[in-house]
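Subject: Structure handover

Hello,

Here is the structure we talked about. Please open it alongside this note; what I found follows below.

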Amino acid sequence: MDYQNRVGSKKGSGGVAGAEETNQQRRERLRELLTSKIDIENDPYVFRNHLGMLECRLCLTTHVSEGSYITHTQGKKHHYNLLKRAELDKRRNASNTALNNDISLSNVPKKSFVKIGRPAYKVTKIRDPVTYQKGLRILITYKNISESIRPRYRFMSSYEQKIEAPDNKFQYLVVSGEPYENIAYKVPSDPIDMRKNRFWDFWDKDTKEYYIQFFYKDDGDS
């Protein structure tokens with residue numbers, strides 16, 4: 001090919017380069033500039049597979065040459081994944097720091113208050129007039145309860161308590177309201193109907209009375 005007789009060329013020169021040659025030269029120049037700034041050998045996210053191609057472990061991409069990989073590292077996708085990885089490492093380090101500080105329930109300060117005895121209570125057996133489900137209605141009076149305290153309840157397995165021998169036929173309904181002592185009701189461990197209007201509790205701030213009512217499931221209930 002005659003490079004000297006191209007249109008626009010000067011005598012003795014190589015001629016005017018075409019678009020393909022210009023783009024190739026630009027890519028080579030870009031690769032040289034990036035290579036001078038980026039050390040591929042020390043990049044933790046690149047490795048060469050059995051086919052001789054470079055893979056980016058961060059973005060899960062494959063590249064046929066070093067120049068292609070270096071160009072990829074300058075793109076938005078790689079930079080975005082770098083930010084995500086940095087944020088993930090930051091959270092992981094914070095979690096490890098918390099574990100190293102031995103944060104546990106034993107280090108949480110326990111609330112202390114003077115107990116004033118057990119509250120007055122009344123337990124009534126009930127039966128639904130429509131479904132004939134058996135249930136219980138519990139009324140507890142907390143006359144001297146703290147203003148900011150609302151009574152709470154939870155069901156406890158017989159294996160959680162240490163006072164009586166465990167019996168899987170029974171469970172305990174534990175109710176607390178500071179500064180009164182906790183009280184527990186030993187009730188059958190049959191399945192309880194937790195549907196709306198079948199199980200509810202209500203705290204009356206004016207009368208200082210706490211209500212709990214629930215029904216047991218019938219054999220035909222789902």
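Helices here are DSSP runs of H or I with at least four residues, strands are E runs of at least two, and both are numbered from the N terminus. On that basis, the protein chain has 3 helices and 11 strands. Please keep in mind that this is a predicted model.

**Overall layout**

The order of elements from the N terminus is α-β-β-β-α-α-β-β-β-β-β-β-β-β. The protein chain has 222 residues, and 27% of them count as buried. It exposes about 16800 Å². Carbon and sulfur atoms supply 52% of that area. Among contacts in the protein chain with a separation of 6 or more, 45% join residues 24 or more positions apart.

**Sheet 1-2-3**

Start with the open sheet of 3 strands in the order 1-2-3, where the pairing is antiparallel. Strand 1 (46-48) and strand 3 are the edge strands, and each pairs on one side only. From one strand to the next, the twist averages 30°. Strand 1 and strand 2 (residues 54-56) run antiparallel and are joined by 3 bridges. Across this pair, Arg48 stands opposite Leu54 in strand 2.

**The annotated span and His63**

UniProt lists residues 55-78 as "domain: C2H2-type", in an unreviewed entry. In the model, that span is 46% helix and 21% strand. The C-alpha atoms at its ends lie 12 Å apart.

His63 deserves a look. It sits in strand 3 (residues 61-63). Is His63 buried or exposed? The relative accessible area of His63 is 9%. The cut-off for buried is under 20%, so His63 counts as buried.

What does the side chain of His63 reach? One polar contact goes to the side chain of Thr61, at 2.9 Å. Another goes to the side chain of Ser68, at 3.3 Å. Setting aside neighbours within four places in sequence, His63 is in contact with Met53, Leu54, Cys56, Ser68, Tyr69 and His72. Leu54 is also the residue that Arg48 stands opposite.

**Helix 2**

Helix 2 covers residues 66-73. Which residues in helix 2 are buried? They are Gly67, Tyr69, Ile70, His72 and Thr73. Two of these names, Tyr69 and His72, appear in the contact list of His63 as well.

The N-terminal end of helix 2 is capped by Ser65. A side-chain oxygen of Ser65 lies 3.3 Å from the backbone nitrogen of Ser68. Ser68 thus serves in two places here: its backbone nitrogen faces the cap, and its side chain makes a polar contact with the side chain of His63.

**Sheet 6-7-8**

Further along the chain, 3 strands form an open sheet in the order 6-7-8, again with antiparallel pairing. Why is one side of strand 6 (152-157) and of strand 8 (183-188) left without a neighbour in the sheet? Both stand at the edges with a single partner strand each, so there is no neighbour on the other side. The twist averages 25° from one strand to the next.

Strand 6 pairs with strand 7 (residues 170-176) in the antiparallel sense, over 6 bridges. Within that pairing, Arg154 stands opposite Val174 in strand 7.

**Where to look**

When you open the model, try His63 with its polar contacts to Thr61 and Ser68. Then turn to the Ser65 cap on helix 2.

Best wishes

How values were computed. Residues numbered from 1 in each chain as written. Predicted model: local features only at pLDDT ≥ 70, side-chain atom pairs only at ≥ 80, totals over all residues. Heavy atoms only, no water. Pairing = 2+ DSSP bridges. Axes fitted to C-alpha atoms, helices over the stretch in contact; angles between N-to-C directions. Buried < 20%, exposed > 50% of the residue type's maximum accessible area, 1.4 Å probe, protein only. Polar contact = N/O pair within 3.5 Å; in protein donor to acceptor, adjacent residues only side chain to side chain. Contact = heavy atoms within 4.5 Å. UniProt positions renumbered as here; feature names shortened; annotations may be inferred. Areas by Shrake-Rupley, 256 points an atom, 1.4 Å probe, with all protein chains shown as cover.
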